[in-house]
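User: Could you take a close look at one part of this model for me? I'd like to start from the surface and then move to the interior.

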Amino acid sequence: MPPDMNDRIDALSHAVIGLAVESWRFGRSFNKLLSKLDAGEASRHKGQYNWFLKKVEESLEYAGLRLVNVEGHPFDPGMAATPLNIDEFNANESLIVDQMIEPIIMGKDGLVKTGTVTLRKVQ
């Protein structure tokens with residue numbers, strides 16, 4: 001492949017990854033907004049949002065990518081996510097991922113983008 005073609009493929013990959021991360025962030029905000037609507041209206045908008053998510057996932061799959069959500073999973077220091085609040089805990093505390101700020105993005109050959117998370121103690 002010509003070098004300029006490799007640059008174009010890299011640029012497209014970065015663009016798709018950027019859109020995936022921003023759709024993740026938008027989804028988090030949108031879900032908060034839906035919780036403030038009455039049940040009927042929320043249901044209609046939730047259906048539209050689910051369709052949007054399906055299309056994003058299909059596009060990512062076509063590009064050989066997938067989003068990974070580790071919310072609620074036990075935290076492991078080897079996890080492909082950077083914890084923003086790790087300094088708030090002792091080394092011997094059991095922690096779980098409380099919230100994904102940015103998703104982990106995996107490709108066919110492994111990790112493409114590290115996620116960002118917040119942690120909390122296991123109750």
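Analyst: Happy to! On the surface, F26, W51 and F52 make up a nonpolar patch with about 340 Å² of accessible area together. Patch members have over 30% relative accessible area and no salt bridge (side-chain nitrogen of Lys or Arg within 4 Å of a carboxyl oxygen of Asp or Glu), with nonpolar side chains (Val, Leu, Ile, Met, Phe, Trp, Tyr) joined within 5 Å; areas are Shrake-Rupley values with a 1.4 Å probe, only the protein chains shown counting as cover. This is a predicted model: local features need pLDDT of at least 70, side-chain atom pairs count only at pLDDT 80 or more, and totals for chains, interfaces and linings use all residues. Residues are numbered from 1 along each chain as its sequence is written, and side-chain values use heavy atoms, without hydrogens and water.

F26 belongs to helix α1 (residues 3-34), a DSSP run of H or I, at least four residues, whereas strands are E runs of at least two, all numbered from the N terminus. F26 counts as partly exposed because its relative accessibility is 44%, between buried (under 20%) and exposed (over 50%).

Now the interior. The largest nonpolar core (buried Ala, Val, Leu, Ile, Met, Phe, Trp, Tyr and Cys joined through side-chain atoms within 4.5 Å) has 13 residues, and V97 and L119 are among those with the most contacts inside it. β3 and β6 (115-121) each supply at least two of its residues, and β3 gives the most, with three. Apart from this core lies another, of seven residues, including V21 and I105.

Methods. Buried means under 20% relative accessible area, exposed over 50%, partly exposed in between (1.4 Å probe, protein chains only). Patches are made of residues with over 30% relative accessible area and no salt bridge: like charges are joined within 9 Å, nonpolar side chains (Val, Leu, Ile, Met, Phe, Trp, Tyr) within 5 Å.
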